[in-house]
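Biologist: I am new to this structure and would like a close look at a single part, the surroundings of the ligand. Could you take me through them with care?

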Amino acid sequence: MHILSVVGARPNFMKIAPIAWEAARRDNIKHTIVHTGQHYDQAMSHSFFDILNIPKPDVNLGIGSASHGVQTGKIMQEFEPIIKELNPDWLIVVGDVNSTIAASLVAIKMGIKTAHVEAGLRSCDRTMPEEINRLATDAISDLLLVTEQSGLDNLKNEGVPDSKVVFTGNVMIDTLVHNLTAAKKVNAAAKFGLTSREYILVTMHRPGNVDDPEKLEELTQTLIDIASQCPVFFPVHPRTRNRLEDIGLWDKLSSADGMHIDTPQDYLTFISLANTAKAVLTDSGGIQEETTYMGVPCLTMRPNTERPSTIDLGTNELIQPNRKEILEATSRLLSGNWKKGTVPPLWDGNAASRVLDALENHDK
Ligand code: UD1
């Protein structure tokens, strides 16, 4: 069986890694990786391949950054001849980035069976580009591989037949399970002069939080205020850095008391930092899941989440992305008042094996 996996942006790499490792263990599977080049920096892309031991992509489409229409269209245009030439039995796409919908749309129209890993998640917020990518990819894929209960419920409510859906668990947690010991050895907090459980790790890059100058200014001032109460480590996503520079807030943020600004970190360093943080304040999708697995409090600065099991079972809480709510939640956290969580079902390190089993069983 020839499986072609497509990756494009940072959160895709830790999802494809365990699938690549598992495919390599199975004699009957040939695995090809196509990188669209949606992300291209060492920090946003290459470091993940090196550290997570993902085979070098067989093809890199080199698409790069652009508007949604241009980026999605260019990926489709460049991917079509590749899939025609390689003619795999299956395409695997992961997550919800532009590369996910672009690749699946091309493959399905060419009659290639397509499996969507991390299917069924819904924020029900169609202003998020990722929500459109999730809805569209699920609507056209042949096999929908689900990470958590809400994914099963959403697909059922949308009328998807059970025969298309398999509850495999969370491949990104496979990567975490297999790397947590190595990440702990990195001891990144000490390297950055931070004390375990005495700093807050921040990530922020959602267009809803960083693209509107007024919102970005409000959130930046809020982070500066938090840093004056508890050290903050903030590895800044390039989108956010660009926006901060555009509105002249970069210097103010990076020189604020208690604020440690840095570039995006490699996977092991980031997990090490998250694992020993007092809490993580984020607008990411995947980090809500990683903190739930590690039992670290997570404050998600968003009006909604497509990963409700991190709230129902895990350590996550949604905080409206405004100054008042973030400061209230932070002071509750700093006074030691945060829930303990549990790990959702099938977040056990073996999801990639169930993903490949699902593809093999589908063909029987
Ligand atoms: C994309 C995903 C988002 C994911 C995020 C993780 C979509 C619609 N969005 O958003 O779901 O959470 O990746 O990072 O697919 N840039 C660099 N170097 C890079 C890549 C990007 O400097 O390697 C800069 C460019 O200025 C670019 C900007 O970051 O314009 C934004 O990148 P883009 O891929 O458009 O979207 P993300 O915000 O990263």
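**The surroundings of the ligand**

Modeller: Domain 1 (2-170 + 347-361) and domain 2 (179-334) each give residues to the shell around the ligand, so the ligand lies between these two domains. Please keep in mind throughout that this is a predicted model. The space that the ligand takes up is the largest pocket, and the elements that give two or more residues to the shell around it are helix H1 (10-25), helix H5 (129-140) and helix H11 (238-246). Of these, H11 supplies the largest share of the shell, with three residues.

Turning to the individual residues, there are 19 around the ligand, and those that come nearest are Gln38, His39, Asp41, Glu130 and Arg239. By character, the residues of the shell divide into six nonpolar, eight polar and five charged.

Several side chains can then be followed to oxygen atoms of the ligand. An N or O atom in the side chain of Glu130 is 2.5 Å from an oxygen atom of the ligand, and for Arg239 a polar side-chain atom lies 2.6 Å from a ligand oxygen atom. In the case of His205, the distance between an N or O atom of its side chain and an oxygen atom of the ligand is 2.9 Å. As for how far the ligand is enclosed, on its own it has 750 Å² of accessible area, and the protein covers 86% of that area.

Key
Residues are numbered from 1 along each chain as its sequence is written. This is a predicted model: local features need pLDDT of at least 70, side-chain atom pairs count only at pLDDT 80 or more; totals for chains, interfaces and linings use all residues. Side-chain values use heavy atoms; hydrogens and water are left out. A residue is near a molecule or strand if one of its heavy atoms lies within 4 Å of it. A polar contact is a pair of N or O atoms within 3.5 Å; within protein, one must be able to donate a hydrogen and the other to accept it, and residues adjacent in sequence count only if both atoms are side-chain atoms. Accessible areas come from the Shrake-Rupley method with a 1.4 Å probe; for residues, only the protein chains shown count as cover. On a 1 Å grid over the protein atoms alone, a cavity is a set of points where a 1.4 Å probe fits but cannot get out, and a pocket is an open set with protein on both sides within 12 Å along at least five of seven lines; lining residues have an atom within 4 Å of a point. A molecule sits in a cavity or pocket if more than half of its atoms lie within 2 Å of its grid points. Helices (H or I, at least four residues) and strands (E, at least two) are DSSP runs, numbered from the N terminus. Ala, Val, Leu, Ile, Met, Phe, Trp, Tyr, Cys and Pro count as nonpolar, Asp, Glu, Lys and Arg as charged, and the others, Gly among them, as polar. Domain bounds come from an automatic or database domain assignment.
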